[in-house]
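Good morning, and thank you for the time. I would like to take you through one structure, residue by residue, and I ask that you keep the display in view as I speak.

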Amino acid sequence: MTVNKTISQQAIGLLAWLALLFIVAAVGSLGSLNAPNFYAELTVPTWAPPGWLFGPVWTTLYTMMAIASWLIWREYGFSAVSKRAHLANFTQLALNMLWSWLFFAWYFGAASFIEILFLWCAIVLTIIHFWRLNRIAAVMLIPYLAWVSFAAVLNFSIWQLNPGIL
């Protein structure tokens with residue numbers, strides 16, 4: 001089932017998805033306002049990336065996530081066919097927003113690690129549902145899954161290295 005959209009509807013849709021994803025990023029980043037100071041105080045593994053790298057990586061990933069979401073919406077809208085894909089996608093977006101709050105604002109090392117495992121599962125589920133509808137959209141989420149996989153290992157390591165803080 002393909003939903004026909006004009007070029008202007010498609011452009012507005014892409015802008016809407018970009019706006020939504022950057023709102024998700026903004027809400028998540030509110031929880032990490034203290035991240036540079038907090039991250040600098042933590043004992044981190046030697047393989048941890050520098051703090052300045054997170055912003056550019058996340059900006060790229062959010063842009064790719066928005067385009068992937070738009071590809072699904074552009075082809076299927078919010079139809080019964082795409083319902084599960086959108087539900088999985090919105091679930092992983094909510095979990096994505098929550099992680100920064102758990103780790104950087106509330107200093108919950110264990111909870112943030114458990115939550116990032118749920119986020120990882122939700123991303124995998126989103127990729128599976130996207131794959132059934134649009135393989136390009138699904139492939140666009142693979143770098144996100146890879147980064148969250150790395151972030152989960154980093155989250156666990158930092159939590160273990162900072163028992164008095166997290």
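What follows is a short tour of selected helices, loops and residues. Please bear in mind throughout that this is a predicted model.

Let me begin with a pair of helices. Helix 1 covers residues 7-30, and its axis comes within 6 Å of the axis of helix 4, the two crossing at roughly 30°. Helix 1 is therefore roughly parallel to helix 4, since angles under 35 degrees count as such. On the side of helix 1, the contact is made by Trp17, Leu20, Leu21, Val24, Val27, Gly28 and Leu30. Helix 4 contributes His86, Asn89, Phe90, Leu93, Met97, Ser100 and Trp101.

Two of these names return at the surface. Leu20 and Phe90, together with Phe78, form a nonpolar patch there, with about 280 Å² of accessible area between the three of them. Phe90 itself belongs to helix 4 and is partly exposed, at 36% relative accessibility.

Staying on helix 4, I turn to Asn96. Is Asn96 buried or exposed? Its relative accessible area is 6%, so Asn96 counts as buried. Beyond its neighbours within four places in sequence, Asn96 is in contact with Trp58, Tyr62, Met65, Glu115, Leu119 and Tyr144.

Next, helix 3, which runs over residues 54-76. Two of its residues deserve a pause, and one of them is Ala66. Ala66 has a relative accessible area of 0% and is therefore buried. Which residues does Ala66 contact, leaving aside its neighbours within four places in sequence? They are Trp17, Leu18 and Leu21. Pro36 is 30 residues from Ala66 along the chain, and their C-alpha atoms are separated by 26 Å.

The other residue of helix 3 is Trp73. With a relative accessible area of 14%, Trp73 is buried, because the cut-off for that term is under 20%. Its contacts, again without neighbours up to four places away, are Lys5, Gln9, Gln10, Gly13, Trp17, Phe78 and His86. Phe78, as mentioned, is part of the nonpolar patch, and His86 is among the helix 4 residues that meet helix 1. Trp73 and Ala85 lie twelve residues apart in sequence, with 9.8 Å between their C-alpha atoms.

I now move to the loops. Ser82 sits in the loop between helix 3 and helix 4, the latter spanning 83-105. Although placed in a loop, Ser82 is buried, at a relative accessible area of 0%. Ser82 touches Ile72, Tyr76, Gly77 and Leu133, not counting residues up to four places away in sequence.

Tyr107 is found in the loop that links helix 4 to helix 5, residues 109-133. What is notable about its backbone? Tyr107 is not a glycine, yet its phi is positive, at about 55°. At 33% relative accessibility, this tyrosine is partly exposed.

Finally, Leu33 occupies the loop between helix 1 and helix 2, the latter being residues 35-41. Leu33 counts as exposed, at 66% relative accessibility. Where does Leu33 stand relative to Ala105? The two are 72 residues apart in sequence, while their C-alpha atoms are 8.0 Å apart in space.

To close, I return to the loops for a comparison: Ser82 is buried, Tyr107 is partly exposed, and Leu33 is exposed. Thank you for your attention.

Terms used
Residues numbered from 1 in each chain as written. Predicted model: local features only at pLDDT ≥ 70, side-chain atom pairs only at ≥ 80, totals over all residues. Heavy atoms only, no water. Buried < 20%, exposed > 50% of the residue type's maximum accessible area, 1.4 Å probe, protein only. Contact = heavy atoms within 4.5 Å. Patch = residues over 30% accessible without salt bridge, like charges linked within 9 Å, V, L, I, M, F, W, Y side chains within 5 Å. Areas by Shrake-Rupley, 256 points an atom, 1.4 Å probe, with all protein chains shown as cover. Salt bridge = Lys/Arg side-chain N within 4 Å of Asp/Glu carboxyl O. Axes fitted to C-alpha atoms, helices over the stretch in contact; angles between N-to-C directions. Parallel < 35°, antiparallel > 145°, perpendicular 65-115°, else oblique.
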